Amino acid sequence: MAVRISGVGCCLLDRIYGHVDFHSDAFRKCMSKKSGDGGLEPGKLTFEEELECFAGQPFVSEILPSLTKGLEADKENIGGPCIVALINASQLAHKESKVSFYGCRGDDEVADKIMQKLNQTKLDLSHYRVEKGSETASTSVLSDPNYDNGHGERTFVNTIGASWHYLPEEVDESFYDSDICVFGSTALVPRIHQGLVPMLKKAKSKGRITVVNTVYDFINEKNNPDKRWPMGESNESYQFIDLLLVDHEEALRLSGQKDAPSAIAFFRKKGTGAVVVTNGAQNIYLWADSPLFGKIEEQTMPVSKAVGEALKQGKKATVQVVAIILQAEL
């Protein structure tokens, strides 16, 4: 059956550095001393300009070469939970389905690389607008495949660029005419994130299925490191979410709880229809109770052991495996 899927949120270029040592002196010098200070933390995200302020050095010319031992990125991928999910959906959906991305890019070399890759997909990109004179969002993905007893971990250094300029009012009515409305990694599109409540409410008022997948919210972590992250303006947003996809750290920070089951209980109480909590190589938590998904008691499911074993064995394809993990978790 043909469906219409529209997603708004983050699209960026991921530069993957697959052999960074999180125990090295270079990494330790840039490690965060307190949450939200701009330093590096395994599994978390910081902004390039914040890291530069923290370390007192420019990122591209000094910090990055010291972390990567001067090596170039192993791979450049399209990144962002929104765009990656949409690409996957376009590959799996009926041939007459329409999958559209709503976002903002600059007019630089990074944008050219992204468009070269996206033009090979089935996505409708007519709503992916250009902000002239702006830098396109990108992320340096620092990966240590030996971290956590060989399970591996990543740290993200993000440049928001043109995504700062994308506004809720620029998302036109065609977005809300879709069967499924996806809000992906909107914490990296700050003004969209701040307008989530009315956008979600509008989608639900039209009877649409709403999906929210999250990303580490450095802005709120910096502003209020001791407080729960808001999902948009307020808790009201949760009652308009049919499916919430969130990793363990983000689940705890959004809910203010100490563990995944308590976080799920928080989202459930706020009215979310279904929740999936990922946790790297650890089990996935899931729960649902809605007309769309039916009733699924809280339970855990294992993640693939094959990828973890490949990383532990130090195969030559480690960089490719890291890229697979990145895409799967996004």
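**View A. Helix α11 is largely enclosed by the rest of the structure.** In this predicted model, α11 spans residues 248–255, and 6 of its 8 residues are buried, so the helix has the rest of the structure around most of it. You can pick out the buried residues as Glu250, Ala251, Leu252, Arg253, Leu254 and Ser255. They pack against two helices, α10 (218–223) and α12 (260–269), and against two strands, β11 (243–247) and β12 (274–279).

**View B. Here are the two ends of helix α11, with Asp247 at the start and Gly256 just after the helix.** At the start, take a look at the side chain of Asp247: one of its oxygens comes to within 3.2 Å of the backbone nitrogen of Glu249. At the other end, α11 is followed by Gly256, which has a positive phi, near 75°.

**View C. Five strands make an open sheet with mixed pairing.** To find your way across the sheet, follow the strand order β3-β8-β7-β2-β4. The edges are formed by β3 (45–47) and β4 (75–79), each of which pairs on one side only. From one strand to the next, the twist averages 25°.

**View D. Strands β7 and β8 pair in the antiparallel sense.** Residues 138–144 of β7 and residues 153–159 of β8 are joined over 7 bridges. A handy landmark is Asp144, whose bridge partner in β8 is Glu153.

**View E. Helix α2 packs on the sheet.** This helix, residues 48–55, touches strands β3 and β8. The direction of α2 makes about 80° with that of β3.

Definitions and conventions
Residues numbered from 1 in each chain as written. Predicted model: local features only at pLDDT ≥ 70, side-chain atom pairs only at ≥ 80, totals over all residues. Heavy atoms only, no water. Pairing = 2+ DSSP bridges. Helix = DSSP H or I, 4+ residues; strand = E, 2+ residues; numbered from the N terminus. Axes fitted to C-alpha atoms, helices over the stretch in contact; angles between N-to-C directions. Contact = heavy atoms within 4.5 Å. Buried < 20%, exposed > 50% of the residue type's maximum accessible area, 1.4 Å probe, protein only. Polar contact = N/O pair within 3.5 Å; in protein donor to acceptor, adjacent residues only side chain to side chain.
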